[in-house]
Structure formats: structure tokens, C-alpha cells
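Good morning, and thank you for coming. Please look at the sequence and the structure as I go through them.

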Amino acid sequence: MSAVPELTLPVVLLSHRGPVSFVRDDDEVSATRGAGGLVTALTGLTAHLADAVWVCVASGGEDAEVARSAGGSPVRLALDPEPRLLDPDAEAGEDVTGRVLTMRLVEIPPEVHQPFYGVIANPLLWFIQHRLYGIGSHPTLGREERRAFEEGYVAANRMAADAVIEEVERRGGKAAVLLHDYHFYLVADLVRQACPDAMISHFVHIPWPGPDAWKILPPHMRDRILRGLLGADVVAFHTRTDARNFLLCVQELLGMPIDLAERSVTVGDRTVRARSYPISIDVETLKAVACAEEADQYLTALDAQVGDGMLVLRVDRTDPSKNIVRGFEAFGLLLDEHPEYAERVVFLALLQPSRQDVAEYADYLTEIGAAATRVNAAHGTATWQPVDLRLASDMSLAAAAYRRCDVLVVNAVADGMNLVAKEAVVINEHDMVLALSEAAGAHDELGRFALTLYPFDIAQQADALHEALSMPVELRHDRLAHAAEIVRRNDVARWLRIQLRELASLTPDEASDEAGDDVPIG
Ligand code: G6P
């Protein structure tokens with residue numbers, strides 16, 4: 001990662017997923033890197049800061065065991081070349097080269113974690129914020145959900161907050177506290193009460209809808225979520241729309257006066273700012289994966305599979321918000337209406353099964369399989385399978401596919417940012433067309449150089465696919481070059497730098513040229 005921010009304050013960071021998770025093979029405990037852009041971005045940050053600790057939830061495998069043996073204290077990880085746990089006793093004499101990161105695992109007992117994660121965070125909050133409910137029938141909130149909120153969500157937030165507070169106090173009560181995502185909406189206020197000198201930001205990585213959508217939750221839940229977030233100095237989002245919607249919720253649901261021009265709200269004697277900082281990717285790290293031998297081998301295989309035909313690609317978690325089923329239906333419609341694509345186009349879908357302990361996600365995975373099968377049954381031949389559906393999480397394969405594809409489809413019904421779009425544009429080698437949902441945060445930055453998809457309209461998506469597949473190469477080349485330049489300029493180091501500078505100054509006027517929200521996109 002280039003040019004990481006300099007910060008004099010210690011940093012205490014909180015997210016549900018951590019930088020690594022631990023597994024045991026025979027007697028050996030090994031660490032595997034966490035997946036996803038957020039984890040990559042934050043790993044780069046924390047490993048470069050002089051005093052930073054990353055608090056996260058012990059989420060499976062050997063994590064709880066590692067947490068227990070550390071007795072609630074942080075553990076240290078060497079990140080290079082592969083992550084490994086450092087033995088605290090041996091460390092002094094050990095020759096550790098490369099980046100070292102301090103991590104504190106919070107063990108949340110299963111009877112708290114299940115309702116916290118499996119009933120409230122996913123699906124309830126996720127579904128409300130991505131507007132996935134058909135409210136004629138879903139959701140129904142009863143005793144179980146009420147209990148899950150109190151005994152799961154509130155309790156898990158308390159446990160995470162206690163760990164954060166301890167780490168802030170260990171640093172004399174003064175630290176930049178960076179809280180992340182929808183799992184921990186109540187933490188900022190708890191930390192504020194215990195550590196009044198901390199500077200707190202809460203970054204919401206998923207869409208924030210307007211007040212009507214939040215009225216699915218009764219006041220005793222939604223008010224606490226909003227008041228929890230108002231414990232922060234900065235509540236941050238990926239887009240201006242999300243930041244504005246947050247303020248509108250504060251106004252309408254809590255009845256508090258807001259200042260839309262300043263994008264702030266006064267809470268007692270404090271000012272809470274709502275800001276937007278579009279997250280990005282670590283271009284160098286991605287390129288290293290994309291150029292490695294493993295990716296090259298995958299690329300050779302893809303070239304052999306596609307030949308001189310065309311490759312349409314999508315890379316997603318199997319999440320209903322990603323709109324995978326409608327994407328396959330649009331592709332089926334394209335093949336119905338354009339028989340000239342027969343035997344010439346493959347739709348490669350690299351899908352990572354996600355949250356299978358939540359019924360809605362398990363059902364959606366079944367629907368995805370059925371939709372792919374329908375397209376293949378209707379159009380496939382002895383030598384051609386139009387949809388190549390692969391359930392896996394393999395960054396090398398994804399990177400090879402990014403390099404080779406002719407069209408990348410992102411048709412999400414709602415998406416905080418969508419880093420897949422940013423990853424593909426910087427490493428594609430085929431003058432790829434980006435077909436990008438208007439409902440993805442990335443559309444604010446990259447929409448000008450993409451074909452916009454309207455996620456509910458499969459006829460429009462089929463037309464857009466046709467337009468992409470038949471677009472003149474000069475135009476494709478030009479658009480891709482512009483999109484790639486935007487991502488290279490607004491990389492993840494810049495995303496972090498701007499936030500930390502603004503948090504450190506806490507007055508937009510004093511911030512540097514780069515500070516302030518809405519990173520320039522042109
Ligand atoms: C989104 C969320 C992250 C979450 C990730 C994977 O990107 O913003 O907070 O970690 O999905 O979901 P999972 O439930 O597997 O952690």
C-alpha cells in the first residue's frame with residue numbers, strides 16, 4: 001500500500017470480521033487472511049500505524065481458542081510473507097521482518113452471536129438497508145426478534161464496546177476510534193460515555209435508506225441505533241445520498257434539528273458530522289495477485305474455454321442484494337432475442353456462498369442455481385454451456401477473469417460501493433465494458449464511463465448487454481482507460497488519509513486540500 005496516513009494519535013479499530021482467522025491443522029495453529037476489500041484496506045492501515053489495535057469478533061475455527069489463550073489481551077501477527085501468530089514469549093528474540101499487526105479477538109458466546117448476527121444484523125438490518133423486504137409479508141417482528149435485539153445485538157455491541165474501551169483506556173483515554181459497519185451501531189455512544197476524549201468515527205459500508213425504510217423497525221430499536229451512531233464525531237458513508245439520508249432520519253425519527261448545508265447535527269455540546277468517503281482498492285496488491293503464476297494459469301484455462309468468443313463476468317457473494325437471479329434472466333433474454341450469440345458468449349459467474357446460516361441466503365443460493373440451470377437448459381448445446389456458474393472464493397481466479405472479461409456485470413439492487421467494479425477496471429486487458437447498476441455506490445464515480453443498468457428491468461439489462469458486446473473497440477478502450485484512471489487516483493490509501501485528517505482536525509476548514517467529503521472524481 002502506498003502513502004498510508006500519518007497520525008499521531010493511537011488508533012483503535014473495530015469491525016466484525018478481522019484481518020485473519022485461525023485454523024488448526026493437527027497441532028499447528030495457522031492464520032488465513034480475511035477476504036474482502038474492507039479487510040484488505042484496514043490491514044494496510046493498521047500495519048503501518050505506530051500504535052494501532054484491531055478489535056474484531058472471534059468468528060469460528062480456532063479464533064475463540066486464540067482469544068481464550070490470550071486471556072482478553074491483544075495478540076500480535078506478522079503479516080509477511082504469510083500471516084502468522086507471534087508467540088509473545090518468544091517474540092523478543094524472534095527476527096520479525098515486514099509488517100506486524102496487533103489484533104484483539106472478542107469472544108461472543110454462540111447464544112449471543114447467533115441472534116446478533118443471524119437474526120438482527122443479517123438479515124434484519126442488512127435487508128432494511130438494502131430494501132430487500134417485500135413489506136406486504138416480510139418482515140414480521142415478534143418476541144423472538146425483540147429478544148434477539150436485546151440479548152443478541154445489544155449484548156454483542158456491549159461486549160465489543162467493552163473491548164474497545166479497554167484499549168482506549170490502555171492508551172490514556174485518547175485515541176482515534178474507527179468503528180465499522182452495521183454490526184456495531186450502538187458502540188460509538190458507549191465509547192463516548194466511557195472515553196469522552198476519544199475521537200470517534202463510525203463508517204457505514206452499506207446503503208443508508210431514508211426514514212420510511214427505517215420505519216420497519218419500531219422506535220425502541222431504530223432510535224437506539226440512531227442515538228448509538230450519534231455518539232460518534234463523524235458518521236461516514238460511501239455516498240452523499242447515504243450521508244444525507246442519515247441526517248434526514250435523525251430529523252424525522254428523532255425530531256432533532258439538522259444542518260443539511262453543513263451536513264451536521266448538534267447533540268448537546270457536540271457537533272456530529274455526516275460525511276461521505278468512497279472506499280477504494282489497493283491497486284498494487286491487486287496487481288501482484290493478478291500477475292502471479294496462479295492467476296496466469298487460470299487465465300490460460302479461461303482463454304482456452306472462451307477461444308475467440310466473448311466473456312461476460314460477475315464476481316459476487318451469493319447475496320440477494322447482488323441481484324444474481326435477475327442477471328441470469330437478463331442474459332437468458334439476450335440469448336432469446338439474439339441467436340447470433342449462440343456458442344459465442346459465456347457468462348462466468350464466480351460466486352462466493354455467503355451467510356448460509358440465514359434462511360433467506362440459503363434460499364437465494366438455491367434460486368441462483370435454478371436460474372443458471374434454466375438458461376443452460378434453454379440455450380446450451382453439446383459444446384457450449386452459456387452460464388458457467390462456479391461457487392468458490394478464489395482471488396487468483398477472480399483476478400484472471402477480471403483480466404480476460406469483455407463485460408463485467410454489476411446489477412445490484414443496492415450496494416454501498418461495490419469494489420468488484422473498481423478491481424476489474426484497473427486490471428482488465430480486454431477493453432472491458434463495465435455494466436454497472438445505478439444503485440451501486442461505485443456508480444457515482446464510474447457511471448460516466450459505464451453502461452448503466454437499471455436493476456429491476458431485465459429487458460433493459462439484456463439491451464445493455466447487447467450494447468456492451470457490440471460496442472466499438474475504440475469506445476470501449478477509451479471508457480475503460482478513464483475509469484481506471486479514476487480508481488488509480490482515488491485509491492484506498494487516499495480514502496484512509498482523507499478520513500484520518502478530517503478526524504484529526506475535526507474542523508473541515510482546517511483540513512488539508514484533500515480533506516472533506518466527496519472525493520473529486522474527474
Ligand atoms: C459486506 C459488509 C462487511 C462484511 C462482508 C461479508 O461487505 O459490509 O461488513 O464483512 O459483507 O459478510 P460476512 O457476513 O461474511 O462477514
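**The ligand and its surroundings**

In Arg 355, a polar side-chain atom lies 2.8 Å from an oxygen atom of the ligand. Of the accessible area of 380 Å² that the ligand has on its own, the protein covers 77%. I should state at once that this is a predicted model.

Two further side chains deserve attention. The side chain of Asp 181 has an N or O atom 2.5 Å from an oxygen atom of the ligand, and for Arg 17 the corresponding distance, again from an N or O atom of the side chain to a ligand oxygen, is 2.7 Å. The residues around the ligand also include Tyr 117, Asn 122, Trp 126, His 183 and His 205.

Which element gives the most to the shell around the ligand? The answer is helix α3, with three residues.

Let us now consider this helix. Helix α3 comprises residues 110-129. A straight helix of 20 residues would span 28 Å, yet α3 spans only 25 Å between its end C-alpha atoms. There is a bend of about 35° in α3 at Ala 121, and Pro 123 follows within four residues. Of the 20 residues in α3, 17 are buried. Just after the helix, Arg 131 has a positive phi of about 50°.

Finally, I turn to strand β7, residues 100-106. Because six of its seven residues are buried, β7 is largely enclosed by the rest of the structure. Strand β4 runs parallel to β7 and is joined to it by five bridges; here Val 53 is opposite Thr 102. Strand β5 pairs with β7 in the antiparallel sense, over four bridges, with Leu 77 opposite Leu 101.

Note on methods: Residues are numbered from 1 along each chain as its sequence is written. This is a predicted model: local features need pLDDT of at least 70, side-chain atom pairs count only at pLDDT 80 or more; totals for chains, interfaces and linings use all residues. Side-chain values use heavy atoms; hydrogens and water are left out. Helices (H or I, at least four residues) and strands (E, at least two) are DSSP runs, numbered from the N terminus. The expected span of a helix is 1.5 Å times one less than its number of residues. The bend at a residue is the angle between axes fitted to the seven residues ending there and the seven starting there. Buried means under 20% relative accessible area, exposed over 50%, partly exposed in between (1.4 Å probe, protein chains only). Two strands pair if DSSP finds at least two bridges between them. A residue is near a molecule or strand if one of its heavy atoms lies within 4 Å of it. A polar contact is a pair of N or O atoms within 3.5 Å; within protein, one must be able to donate a hydrogen and the other to accept it, and residues adjacent in sequence count only if both atoms are side-chain atoms. Accessible areas come from the Shrake-Rupley method with a 1.4 Å probe; for residues, only the protein chains shown count as cover.
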